[in-house]
Amino acid sequence: MDRTDLAQRFDADRRHLTAVAFHLLGSAPDAEDAVQSAWLKASRADAAGQPIENLTGWFTTITAREALDELRARKRRPERPLTDADADRFAAPAADDDALLADSVSRALLVVSERLSPAQRVAFVLHDVFAVPFETIAELLDRSPAAAKKLASRARERVRPAAAARTGRTAEHVKLVEAFLAASRGGDIDTLLRLLAPDAVRRVDRALVTDAVPTEVRGARQIAEETRSFARRAAAGAVVLIDGAPGVAIPVAGRLQILLRIDFGPDDLIHMIDITADPDRLRSVSLTLPH
């Protein structure tokens, strides 16, 4: 196959390859970089005359390897706390991001899988989301098929809560947090007022807001009105279980940056919203899927 034909085949698979990279990296720009790097390697390999039987599978493996390298590089990079200069970075996800997410998994899965090791994430996402055989995953990770299967199994255990932890009350609160997030995105004040206790409190790290915004706000009406200012940030959020309780996680460029802990009272109304970007607090919590 000449380079022109190979390029046409690669372009035909580009959306699939971008989805693979996006689900592994959680960042559309990083995904595009991984796909571009994959094309450069694929084109050079073909020029060397390497026989290829399953082009889509081959492209997928190369793309996943590029994503794996980026995941490993992320683990080596030091994290830094957010500053006032970061406030404008938390914008709504691009339309392309939403289209990629709709292909296979929810935004929540991207958030919780960020806690996995690079090898676990690759094994889990490739197998459970894209049905890549463990034999192929094993070759990519330089492991045995049995080891690749075990990596995916361990990842599954980490991202999904134990059945015993899923109570009816937790399920009901998940629905309420989902309603809260949807109302925050849409500026639905009436719904927010129905979800918030009259004396609800919202606290936030100073690094996440400008000096003009108080770090603590009291009262359902004040909190509901304020959400209009944070609608774009809310659009990037996902409902997850934070230490077993429903809350909201907001990633930036594929990495968790903000958590909203939401506390309910006996009346099943929201009494406290605690918003943090402190790296130590982010690292210390357990994140699992809500469903």
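These legends go with a set of close-up views of a predicted model.

**View 1. The open sheet and its strand order.** Seven strands are too many to follow by eye, so here is the map: the 7 strands make an open sheet that runs S2-S1-S6-S5-S4-S3-S7, with mixed pairing. At the edges sit strand S2 (216-218) and strand S7 (287-288), each of which pairs on one side only. Further in, strand S1 (residues 196-204) lies parallel to strand S6 (residues 270-276), and 5 bridges hold the pairing. To find your place in that pair, look for leucine 196, which stands opposite isoleucine 270 in S6.

**View 2. Strand S3, with neighbours on both sides.** Strand S3 (residues 238-242) has 5 of its 5 residues buried, so the rest of the structure largely encloses it. In a regular strand, side chains alternate between the two faces of the sheet. Here, Ala238, Val240 and Ile242 point one way while Val239 and Leu241 point the other, and all are buried. S3 runs antiparallel to strand S4 (residues 245-252), joined to it by 5 bridges. It also runs antiparallel to S7, this time with 2 bridges. Isoleucine 242 is a handy residue to centre on: its bridge partner in S4 is alanine 245, and its bridge partner in S7 is leucine 287.

**View 3. The S3-S4 hairpin and a salt bridge at its turn.** S3 and S4 form a hairpin with 2 residues between them, and aspartate 243 in the turn has a positive phi of about 55°. Side chains of opposite charge can pair when their charged atoms come close. In this view, arginine 261 forms a salt bridge with aspartate 243, and the closest N and O atoms are 2.7 Å apart. That pair links distant parts of the chain, with arginine 261 in strand S5 (residues 255-264) and aspartate 243 in the loop between S3 and S4, 18 residues apart. Neither end is hidden away: arginine 261 counts as partly exposed at 28% relative accessibility, and aspartate 243 counts as partly exposed at 43%.

**View 4. Leucine 287 and the nonpolar cores.** The largest nonpolar core has 60 residues, and Leu126 and Leu287 have the most contacts inside it. Helix H1 (residues 3-25) supplies the largest share of this core, 9 residues. Both domain 1 (3-159) and domain 2 (163-288) contribute, with at least three residues from each. Leaving out residues up to four places away in sequence, leucine 287 touches Val111, Val112, Arg115, Arg158, Val240, Leu241, Ile242, Leu256 and Leu259. Another core, of 33 residues, lies apart from it and includes Leu196, Val209, Ile223 and Ala234.

**View 5. Helix H7 and its two faces.** The buried residues of helix H7 (residues 134-141) are Phe134, Ile137, Ala138, Leu140 and Leu141. Looking down the axis of H7, these residues fall within an arc of 160°, so they line one face of the helix. Glu135 and Glu139 are exposed, on the face turned away from that buried side. As for packing partners, the buried residues of H7 sit against helix H3 (55-76), helix H6 (118-129) and helix H8 (145-159). Just after H7 comes aspartate 142, with a positive phi near 60°.

**View 6. Leucine 193 in helix H10.** Leucine 193 belongs to helix H10 (residues 189-195). It is partly exposed, at a relative accessible area of 25%. Setting aside neighbours within four places in sequence, leucine 193 is in contact with Ala220, Arg221 and Ala224. Arginine 221 is 28 residues away along the chain, with 6.6 Å between its C-alpha atom and that of leucine 193.

**View 7. More salt bridges.** The structure holds 14 salt bridges. In one of them, aspartate 280 pairs with arginine 283, with the closest N and O atoms 2.4 Å apart. These two are 3 residues apart in helix H13 (residues 279-284), so about one helical turn separates them. Elsewhere, salt bridges that share partners tie Asp30, Glu70 and Arg74 into one network. Arginine 228 forms a salt bridge with glutamate 225, with the closest N and O atoms 3.1 Å apart. Arginine 228 counts as exposed at 52% relative accessibility, whereas glutamate 225 is partly exposed at 32%.

How values were computed. Residues are numbered from 1 along each chain as its sequence is written. This is a predicted model: local features need pLDDT of at least 70, side-chain atom pairs count only at pLDDT 80 or more; totals for chains, interfaces and linings use all residues. Side-chain values use heavy atoms; hydrogens and water are left out. Helices (H or I, at least four residues) and strands (E, at least two) are DSSP runs, numbered from the N terminus. Buried means under 20% relative accessible area, exposed over 50%, partly exposed in between (1.4 Å probe, protein chains only). Contact means heavy atoms within 4.5 Å. Two strands pair if DSSP finds at least two bridges between them. The arc is that of the directions from the helix axis to the C-beta atoms. A nonpolar core is a set of buried Ala, Val, Leu, Ile, Met, Phe, Trp, Tyr and Cys residues joined through side-chain atoms within 4.5 Å. Domain bounds come from an automatic or database domain assignment. A salt bridge is a side-chain nitrogen of Lys or Arg within 4 Å of a carboxyl oxygen of Asp or Glu.
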